[in-house]
Structure formats: C-alpha cells, structure tokens
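Biologist: I am new to this model and would like a close look at one part of it, together with whatever surrounds that part. Could you take me through it slowly, explaining your terms as you go?

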Amino acid sequence: MTTLLTIQQAADLMGVSYDHVSRLVDEAQTCPKIAKWREKRDFIDLSLAGSKFRTIRIIPEALGLPLQAQTPAPLLP
C-alpha cells in the first residue's frame, strides 16, 4: 500500500515551499497539456465537487526522490 503525502510533507521532502507544490497542483488542474505534474499520476484530489477547500494527496513517486519503506514501530510488551 502506498502512503500518500500532504502538500506540506511533499514540499519538505523536495526542499521547496508549500506554495511551490501548490502551484504545481494548480497548474496540473488548469493547464494539463503543459503541466509538469499530472492528476491521478502524481497527485489525487480527494475534495468533493462543491468543497470550498481542497484535499490533495501527493503520490510519493511523483517527487522523484528515492523513498525508503517505513517500517512500523515495534510493539512494546
């Protein structure tokens, strides 16, 4: 199962600002033919059609960074 990232988590991993990642998402939704990122390939919009605010989750492979699989913390007895 792939863990999806928030815009802030993606920005932190990429070393850029929240606004930069947000603009990548906006560009993909408004100008899909020229955008660097693609909806459903690089991010998922989980917002309802009439929502005032968007819920965006970034697919880790879109960052172009090698992400290590996170192992769950060991259970304490």
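**A buried serine and its surroundings**

Modeller: Ser22 counts as buried because its relative accessibility is 14%, where buried means under 20% relative accessible area, exposed over 50% and partly exposed in between, with a 1.4 Å probe and protein chains only. The model is predicted, so local features need pLDDT of at least 70 and side-chain atom pairs count only at pLDDT 80 or more, while totals for chains, interfaces and linings use all residues. Residues are numbered from 1 along each chain as its sequence is written, and side-chain values use heavy atoms, with hydrogens and water left out.

Ser22 sits in helix 2, which covers residues 18-30; helices (H or I, at least four residues) and strands (E, at least two) are DSSP runs numbered from the N terminus. The protein chain holds 2 helices and 2 strands, arranged from the N terminus as α-α-β-β, and 25% of its 77 residues are buried. Once residues up to four places away in sequence are set aside, Ser22 touches Ile7 and Arg54, a contact being heavy atoms within 4.5 Å.

The touch with Ile7 belongs to a wider meeting, in which Ile7, Gln8, Ala10, Ala11 and Met14 of helix 1 face Tyr18, Val21, Ser22 and Leu24 of helix 2. The residues of that contact comprise 7 nonpolar, 2 polar and no charged, where Ala, Val, Leu, Ile, Met, Phe, Trp, Tyr, Cys and Pro count as nonpolar, Asp, Glu, Lys and Arg as charged, and the others, Gly among them, as polar. The two helices pack at an angle of about 115°, with their axes 8 Å apart; axes are lines fitted to C-alpha atoms, for helices over the stretch in contact, and angles run from 0 to 180 degrees between N-to-C directions. Helix 1 is therefore roughly perpendicular to helix 2, a word kept for angles of 65 to 115 degrees, with those under 35 roughly parallel, those over 145 roughly antiparallel and the rest oblique.

Val21, the neighbour of Ser22 in this meeting, is among the residues with the most contacts inside the largest nonpolar core, as are Val25, Trp37, Phe43, Ile56, Ile58 and Leu63, and this core has 15 residues. Such a core is a set of buried Ala, Val, Leu, Ile, Met, Phe, Trp, Tyr and Cys residues joined through side-chain atoms within 4.5 Å. Helix 1 (7-14), helix 2 and strand 2 (56-58) each give two or more residues to this core, and helix 2 gives the most, with 4 residues. Trp37, leaving aside its neighbours within four places in sequence, is in contact with residues including Met14, Val21, Leu24, Val25 and Ala28, and also with Phe43 and Ile58.

Further along helix 2 lies Glu27, which is partly exposed because its relative accessible area is 29%. Beyond its neighbours within four places in sequence, Glu27 contacts Pro32, Ala35 and Lys36, and its C-alpha atom is 9.1 Å from that of Arg38, a residue 11 places apart in sequence. The loop between helix 2 and strand 1 (43-45) then carries Lys40, which is exposed, with a relative accessible area of 68%, and has a phi near 75°, a positive value in a residue other than glycine.
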